[in-house]
Each structure stands twice: as structure tokens, then as C-alpha cells.
Amino acid sequence: MKTITIEPVTRIEGHAKVSIHLNDSGKVEEARLHVDEFRGFEKFVEGRPFFEMPQITSRICGICPVSHHLAAAKACDALIGVTPPRPAQLLRELMHMGQVVQSHSMHFFHLAGPDLLLGFDADPAIRNVVGVLNADPQLAAKAIRLRAFGQDVIKALSGRRVHPNHSIPGGVNAPLSVESRDAILSQIDEMMEIVKTGIKVAKGWYGENMDLVNSFAVLKSGYMGTVEPDGGLQLYEGKVRLVDQDGKRLEEFEPRSYLDVIAEHVEDWSYLKFPYYRKKGWPDGVYRVGPLGRLNAADKISTPEANAELQQFRAINPGKPVEGTLWFHYARLIEDLYAIERMRELLLDPDILSTELVASSKQIVGEGVGCIEAPRGTLIHHYKTDEDGLITKANLIVATGHNNWAMSKSVEVVAKACVDGTKLTEGMLNRVEAAIRAHDPCLSCSTHAVGAMPIVLELVAPGGEVLDRMVRD
Amino acid sequence: MDEDAPTRGGGRGAGLTLTEEMNSAMATVTLKLNGQTIQAREGCTILEAAKEAGVDIPTLCHHPALAGFGACRMCVVEIANEKKIHPACTYPVSEGMEVQTETPKLVQLRKFVLEMLFSERNHYCMYCEMSGDCELQNLAYRYGMDKWTYPSPNERMPVDGSRQYFIMDHNRCVLCRRCVRACDELVGMRTLGVKGRGSETMIIADLDVPFGDSSCVSCGTCLQVCPTGALIDRKSAYGGRNADVTKTKSICTFCSVGCDTEVVTRAGRVLRVDGVWDGPTNGVLCAKGRFEPLYDTRDRVTSPMVRQDGRLVPVTLDEALDAAAECIASANGGGISALATANAPSECLDSFVALFRNKLNASPAAIEPLLNGLDLPANGALADLDSADCIAIVGADPLEDHPVVGYRIRRARNRGAKVVAVAQNGASPSQLASKGAGAVSVENAVAVCRSSQWPVVVYGPGVCEDQVGQIKELAGAAKFLRLDPAANAAYAARMGLANGSAPTSADVAYVMIGEREQNGEVAQRVANAKRLVVHAAYHGPLTEKADVVLPAPVWCERDGTYVNLEGRTVSARRVLTPDEDVLPETEVLSRLSARL
Amino acid sequence: MAKVKIATDWLGGCAGCHMSLLDIDERLVKLLESVEITSSPITDLKHPPEDGVTVGILEGAINNTANVETAKQMRERCKILVALGDCAVFGGIVTMRNLVSMREALQRAYVETESTVEGQVPSAPELSRPINKACPLNQIVDVDVYIPGCPPSADAIYHALSELLAGRVPVLTNENLRYD
């Protein structure tokens, strides 16, 4: 049994290593995505006062700290038995939309974009955001603008872009100023146009690569995402819906009941666990989250332009969920559109400038679950405290984690399509990574840890002898 | 020198400012500070002299309200012709002294101290509530520390969450002992102490019990004095930094001491109440004024209401006032019972009296029993407790009802004053009293006072008539502190508000109760009234029975003056705007009066 | 004039410092006029080039055996090593796990958590091992420049890089020096 190792995977957040196991006839039998690092957040927060959690857990990830910040705050709301006043919820959602815009944009233009804009087989030395900048400076300038816009929404609320201090148990600590509201509103149209440019680029690429797209890691799985009462896409708050591979509804649950629905499987070879649908067991109960998962789970999108794109998305596999892994990119851009449209709605809401921002409480209920749709998928924070409010237990199920199976599977499927015998090509290497990249994994989040290593591709014989080697420097 | 006699004045805590002390002492010395010649009062420290001269020497364990301690060694200075460096906070000035405060050697030493402090325990600035306003962090920034040389031993320190209002995180403690010193010098309760030595040193409560189980009175003085995030207020955590918030000077209106406060607000919300260090109460507050107002979860009266078909319904203010006027007018012969809380500011009481006595010829009464009926003087001040050598407590439980007075008595006792408490029926011996003097007879108490030089009598609602005669004999020799059960009792008494304790037989009752608890007693007094108008901030047993409910503001929502137990006029400030339907009581009474 | 070569990487961290670097927004374009980014987590080159770079930037604390190797290699291959962010400078939040036993932390995550079914602590040879105590960068290699913050602001990072490009040792003051 030979093993091919890709180490590390690039243009993702976090550290990953891929090992591809060949059988004796040189065919791919199994592929594994090893997520390699562990920081121990779930343990070291024990003993901390609960109200520190929005600040501590945001350090799980620097790309989506807002997701953790908000999930933690929601868990704290439950811990003290309050519902934040409506204005506070609007402001939290506004910050969340800012984050979705910045994260999705960064992924499309900076991380995944180079593959689409410059090609899978482009020279690795230029296949990055700098390459995009050189090839199309105008597009790159727009990408920078869009990301900065999202970050600035976060800053307008909390005074800083990364690791904000805004949400507290029961609400938020500061209102939105009139100046900020107007400043953000004035840019909405321009930002919508930038996302649409991205969609056009994506569609162009899809058009030219349809055969690849229709055959690249097309997987069967369930799909999970949060929805509004009428089944519309919801990124901030709502019931979590799980549908099966045909799109039929399996569950629609309140986040606080997540343990009835979701269980986690552990493999010896990865620090990232594998969430699955309890009732179907492992591995039948696997599902995907994030943009593809959410658009497959939801019935529609409440904002017009995003909903119009959704209809086109639905046309890809009529009557069924969209299954091809590369469609994640399109779904991501549709969500980007929704986030900006939703931002406009929030900013025009009369309550958005209100100073009724915190619900008070004397009690400590002792347990709370906070759930939110992080850019990469459903994020759950579950805390228990003692009667003094010090954390006794923390359980975090992090977005990318739900996609763990899917990433490994897509690597396996792509490898099966590309790897043959002892031949290794650089293009194969990048396609395998592209499969992972499509999921926009946030591995810091998911293992509550990070790491990175250079890419070495080795073909190793059972005896340890290196048969072939490719190094990417 | 008589060892038992307490020293008069009592140091910084006696309430004199530095300027006052300086002015009272004439001798000065001339010295050089960083090459500049300055004058300084004889006996003051180098730190004090530098401050007066506008030179900023960095400090950490030092605090303006506490005696110099010299623990942290941040304020070290070089003195010409002296081999050793000295802490400026404790070293006195002398004639001809030449001091350097910021030489390269001193900077290096201070950085070393900071390195030691950061590496000793676990300082995670990134998520600490205090980050941005932390004195330890500010010192590190001041000295440009962009790295730490020494690794931390990473030993986990405990977090004590047993207190209701605030939490102690030992990981962030720098052992400056400000909390211990404050608990001793400012509050006098001496709950906090220190155990262990070297790296095992820990701040503890009593004999090392959880803080929530200790003799801690939750005054929060240690919380306010702490320079780092070791002590964290639960309510205001992550509410905003000093740069984000507004601070307004006001006074606490929850008892007749009227302590100076600084109310911290942001975006229409009170984050916390701080004490004011250079005021008459030295920054000390009690849980009633610092914490409890922020934990009030009673239902506010947000709209005027009128009872229709058995239920209270929201109406406009005009409709409610019309209904109230109608109620009052319906009292023919049966009289009006007009009750006002003596917790209301003077302006409210003026309006109340103007309407109900002057206009309507009723006899307005205070809800709380005023003590002005007792034939005893009220001529004392908190400062008299500081200089007392004997304090007699009669019919009062200061630690319970006027905690800041209680703390002042403890401080006096710590300084050597004899404290005797007269036995009260059913009450346990006073904690405040000196040993063996927790439940003495009134004769005994009077005798002890007579034999003292500066006696103070502290009395409250529990004083019996037969005790009054005896205590009164001390008038002239002793100062008397009257502990009324209401914040503005002195003014209410001045306004001739009667003590209305008996149930009224009046037809109509108007109760202006503000934010006070609507307990069974008050409800009983108006039980016989056929029509009831309640003017209150919160819903409760009274509003449930009311025919008309008029909303009132709470403590932070209106300006108002009070006369405190020292006879001083103090001012509470409005820091928040109430809901638009909640007008000041004076305005409501004025509009009501216009209708009658 | 030849562009100054820079390499970056992240160790045990959250990527927030790299995000803050990207927060220089349009100044990135200007920076790229004088700087060539070689290896970085956001490019497809993972190792700093063997013939070295002028400035190496590392984010994150040393948390496992892989981080040790990465740090040492970057130190070897750069002239000026920059520790970016609280984790690299002080150890940061990553060192919180030093306050609990690693064994307990692994047990909690992979066996005890409420949602885990039939858990086990991962131990396959492909995975790197946590080191005994997570520590800041300067405990493993010599560091030349420190930029604390969690994350340091984009302005602080841009200032430091500009200073380095001008041949000066960056000094962080006022708003640029922060620990949060």
C-alpha cells in the first residue's frame, strides 16, 4: 500500500495535510485530510467568567472572529435567561453581515480566486492574490475595496476590524452612529456591483469549464443551514434545517436541541472531528454546510437580487440539491449578495440607531447554547457554568468541522479521477487542493487550532523508499 | 503619650486635601527636582512634591486616597549622595535634597520591575476587561515594552466568583495591596489580607475563605481601587473604556449620607457607579449605592395609567392628570391623605407641600418615620467620627442602614476609639462595637461618653423615648449624628412633613413614593382610602390597587438637591433621559395643581 | 531597484495578524512596488526560498513540533525575523493551554464533549505532537523585531514594514503599541 502525502495544503485558512492511499494495483483506495493542530479552547476556558467568552472565543479565528463573538454572546444570553432588545439583535446581525461580506470576498478573490482567474495549471509562483493584482489590477482593487467595506462595518460598531468588542451578554455595548450608518449605506450600491462582477467572472469560468465542474467532486450528502420561519435563508438566527441528499427535510430544530440531532465522530488521524446526523449514524449521516449546504437547505432568499441568482443556482440540478463541490464558489457569491442586500435592510430599519441595547438579568441559568451561520457553516457554542457564572464545560462545534467528511471525500474522489499508478502531476496536486479550497475551510476554527507546513508531494513505497517527489517551494 | 488615645485628624482619610494640609502647615523646604529648584512642604514625600511641581513619576501601588506603601518600586528615584535608590512615595523631602526622577538607570530598573510583574502571573491582555485602562499595561506602554524577556511559569491561579457583584481573578493580580489597604484605611472592615510569601503570596479574605463567604460587605472600594483587571465588575464588564464613556459627578440618594458619586454611562445606560476619592467620603460607597441600583429588575411605570373596568390601562398624561384631579376633588370632608417619600429631592417636596398643604389644606406626611420628633440634636459630621475617641450607637444599625457611617465607625475603632452600642430588644450585639461593648445599657453608654474627650452619639429610629432623656444630657459635650431612614429626611423635617404612620381614614390618598419599595406597611396605611393615586417609578402592590398611576423618574433621571445627615445640601444630577412619558415629579405636581 | 523579499507564515495562531496585514487595504499595492512576497499562507509557496529573504514574518506561538521546525527554518532563511502579534511576541492566548494539562485538554475535546460519540484521542503518526508548553517565538529562535497586538493594527504593521524598508529599526509608540 503506497501513500501519497500533500503537505501542506495552501490558500486555505489553517493547516492541513493530505494522504492518499493506493491499493496494490496503484488505484486510489482512500484519501484522508489530516488537520494538524490543537489548541484546547474547550478545556482552557473552564474556570473563566462566562462574560469573557465573546472575547476569548473570538481568538479561535482571525478571519471569522465575529462568528465566535456572536455565537458566544448568544450562548451568554441564554446563560442569563434574557433575549436582547430588538435594536441589539439588529446591530449584531449588521456586524455579522459585515463579516460575511469580508470573509466570502476574501475567499473568492484572494484564496480561491487565483485558481479561477489564473487557472488551475498556472505557475504556482504567480497563482496567488499578487498574481491577480498584476493580471487584473482593476479587479484586484475592487476586491480590496469589498473586503475593506465588510471590515469597516465591523469597525464602525466596535472600533476595530479584528477581534471586536461589541456583543456582551444581553445585547451590545454601543449603538451605531448616524454618520456610520450613512457612510455604509452610501457604499451599498457600489459593493453590490463588485459582487456582481465577481459573479460574472465566476460564471465565465464555469461556462468554460463545465465538464470539469460537472465531474469534480460531485458528492451525495445531506445539507444543513439556518432558515427563517418561512424557509428563507437566514445567517443570523433561526431554526437549523437538515435535508437529505434529495432535498427532503429531515429535521428543523432549535439550536439548543443540537445534541439530539448532531453527534461527532473521531478518527485517529485528524484533530478535526466529524459531525454527523445522529439518527442515520456514521457515516451515513454526513452532511455539508456553508454556502452550498445553506442554499440547498433553504427554500428561497428574502432579498430580491440574491433570490434571482438563487433561481439560476437551482437550475443547475433542477428539483434536487446542487451537488458539485465547485458550485460552492457560486453559492458563496450569492450569499455575498444577500449579505449586502440584508445590510441595506438593516440600516434602513428605524431601530438601527436606537440606544435600547441591553437586557438585564440577575440570574445565572447555568447553561446556554448560541448558534449562528458563520461564513463557512453552522457554528454552535454550548456552555455550562456553576452558580457563580464560571465556565464548567464548553463544547464547540465549528462550521468547517461539519464539512470535514466532505473535504476528505472530495479529495478522495478527485484523487481517484486523477491519480493513476505512479504518475504524479503538479496539476493533480492543485486540483486536490482546489477540492478542499472550495469548502473555504477555516481550520483554526475547526480544531480551535492552526499550523502550516510546506508542500511536499511524495510517493512512498511500503518499505519507506521514496519513489517520486515533488516539492513546492 | 496615652497609647489608647486615638490621634486626631486620622491621616489622609480624614478628608483634608493635600492643599488644605499644606496650607495648615507652614514649614517648607527647598530642593532640586531634575535640576529644577522647587519648594515643598516639610514632611511631604518626594512623590507629593513632584506632583505639585508638575513632574510625573510613574507609580503602581500608590493611590491618592491611600497612605504611601512602597511595594512596587516603580516610583524609585535617585538622590544625590545616596547609594541606594528610594521609592518617592514614602521618602520624605529634606532641605537641599537633589532628586532625579527619570535617569536611564531608573528607566532600566522600572522596566525590570515590569518584566517581573508580567512574568510572575498570567496576563492575557487581549481579552481582559481592563485592557486599555489598565495601569500595569499603561506603564508597559509608557516604557515602550514590545516584548517580555522572561517566560511565565504558567501556573494557574484561581478565579473567585463567589461574590455577587464582582469577581477576583488572581491571575491578573500584581499584589500591590491597594485592595487590602483600602479595606483597612478607607473602609475599616479589614476583610482583606495577605497570605504566603514570595511567589506564594496571595490576597485573601478573612482566614482564607471564599470572598463570598467572608465578612466582605460588598462596598466595592477594592474593586474601584484595583489598578488591573484582577477585580472585575460583573455589570460593567466590556461595557466600554474610559474613552468611550461619560462620567458625571452626582450623589447617592439611597440614604441620608449622600455620598459623592461619579456615574458612568454610555449610550443611555448606566454602566456603574464609582466613588469620588477626594470627597468627604474618600471614595467609599456601599452596595446600596454602588451596585444595587444597577440590579433593579422591577417593572418600570412607563406610561400614565387609569383604572377602567377594573384594569389599569395606559393613557396620556393629560388624561391621567384629569383623573387624578377628579379623585382629589372628590374628597369632600373625608380629607386627603398625602404621603410623600422623604427620599424625594427637596424640589419635589416643595411642590408636594405647595399643593397638598398650601393649596388643599391637607397635612402632607412622610412615608418614613422622621426622627426630628425626637428631642435630640443633629449637629455631627462624618469627620467627627474620624476624630472621636468614643462613639455610642443607640437605636441604630449603621452597617445595615447607613453602611458608610458604619465603616467610618469601624475606622475610628481601628484607630483606637471606644465604640459602645446600646442593647436593642431582639437585636444581636453590634459588630461595630469594641469588645464587650456590643450590648450595653444606655447608662453605661452615657457614662463612657462623659469620660471621653471627643464623644459622638449615633442614633436612629430604634431609640426609645425613655432613652432620649438620658442621651440628651450629653448635648453640648458630644456631637450627635442622626441616622434617619430616608435620604432627604432633614429637608422633609424642615418642611414640616408629619410622621404619618397611622392608617389614614381619608377618602382619597395620594402617595408619591418614587422608587422606594412598595411594601405592605404603606399599602396598609392607605387601605381605607376610596380613591388612590400613586405617583411611582415602579409597579408594585400600591400601583396594583391604584385608581390612577403617574410615572416618576428614578435616581439617575432627574436633578435634585438633598440635605444630608450633616445638614449639608448636596446635589444629585440627571445622567439619563427617562422615557418621554416620565416627567419630573415637580412638573407633574405643577400640572396637577393647575387643574385644582 | 530590486524588490525586498519577504516571507510570512503562521504557527499556532488564528490568522488574525495576517488579516490585519491585509487590512492595510490599498497600501498593499504600494507595498508591492518595493516588496516581493515569496512564501506565505496566502500564496502557493510554502517554504521560504533556500537562498533566503530579507524579512521573515511569523505569526502565532510555538505550539507543536511542526511549529518548531517552521520557526527554525524561517530563522535560517531570513535576515530580519519579525514576531507578529501577541502569540508570537508573548505566547498569547495559545499559552492558555499551559494552564491545563494537555492530556486533560485532549480528553475533553475528543472523548468527553457532549456531542462526541465513541471518542478517542488522535495519535496517528501523520499528526505532529504538541510540545510540552506553548511558548513565544523568542524561546525557540532569536527575534529581531516585535509587533505586539491581538492583532496589531494595520497601521502598526504598515509602519513597521515601512520603517524596515527604509532601513530603520521600527519603534512602536502611542496607538501602534498595544497588547490587545
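Reader: How do the residues of the lining of the largest cavity divide into nonpolar, polar and charged?

Author: In this predicted model, the largest cavity has a volume of about 190 Å³, and 17 residues line it, those closest to its centre being C:T8, C:L21, C:L28, C:I37 and C:I42. By class, the lining of the largest cavity divides into 13 nonpolar, 4 polar and no charged residues.

Reader: Which element gives the most to the lining of the largest cavity?

Author: Elements from two chains each supply at least two residues of this lining, namely α5 (129–135) of chain A and, from chain C, β1 (4–10), α1 (16–22), α2 (27–34) and β2 (35–37). The element that gives the most, with 4 residues, is α1(C).

Reader: Turning to the interface of chain C and chain B, which three residues of chain C supply more than any other three of the area that chain C buries against chain B?

Author: The two chains meet through 20 residues of chain C in contact with 21 residues of chain B, and the area buried between them is about 1800 Å², of which carbon and sulfur atoms give 63%. Of the area that chain C buries here, 38% is supplied by three residues, which are C:L99, C:L177 and C:Y179.

Reader: How many salt bridges are there between chain C and chain B?

Author: The rule finds 6 residue pairs in polar contact across this interface, with both residues at pLDDT 80 or more. On the side of chain C that touches chain B, there are 11 nonpolar, 5 polar and 4 charged residues, and the largest share of that side, 3 residues, comes from helix α4 (residues 86–90) of chain C. For salt bridges between chain C and chain B, however, the count is 0.

Reader: Where is the peptide bond with omega near -10 degrees?

Author: Most residues other than glycine have a negative phi, and most peptide bonds are trans. One cis bond, with omega near 0 degrees, runs from A:W282 to A:P283, and A:P283 is placed in the loop between β10 (274–277) and β11 (287–288) of chain A. In chain C, C:P151 lies in the loop between β7 (145–147) and α6 (154–165), and the cis bond with omega near -10 degrees is the one from C:C150 to C:P151.

Reader: What is the phi of B:N81?

Author: B:N81 has its place in the loop between β3 (76–79) and β4 (86–87) of chain B. Although B:N81 is not a glycine, its phi is positive, with a value of about 70 degrees.

Key:
Residues are numbered from 1 along each chain as its sequence is written. Chains are lettered from A and ligands numbered from 1 in the order in which they are written. This is a predicted model: local features need pLDDT of at least 70, side-chain atom pairs count only at pLDDT 80 or more; totals for chains, interfaces and linings use all residues. Side-chain values use heavy atoms; hydrogens and water are left out. On a 1 Å grid over the protein atoms alone, a cavity is a set of points where a 1.4 Å probe fits but cannot get out, and a pocket is an open set with protein on both sides within 12 Å along at least five of seven lines; lining residues have an atom within 4 Å of a point. Grid points are joined across faces, edges and corners, and a volume is the space filled by probe spheres set on the points. Ala, Val, Leu, Ile, Met, Phe, Trp, Tyr, Cys and Pro count as nonpolar, Asp, Glu, Lys and Arg as charged, and the others, Gly among them, as polar. Contact means heavy atoms within 4.5 Å. Buried area is the accessible area (1.4 Å probe) that two parts lose on being put together, summed over both. A salt bridge is a side-chain nitrogen of Lys or Arg within 4 Å of a carboxyl oxygen of Asp or Glu. A polar contact is a pair of N or O atoms within 3.5 Å; within protein, one must be able to donate a hydrogen and the other to accept it, and residues adjacent in sequence count only if both atoms are side-chain atoms.
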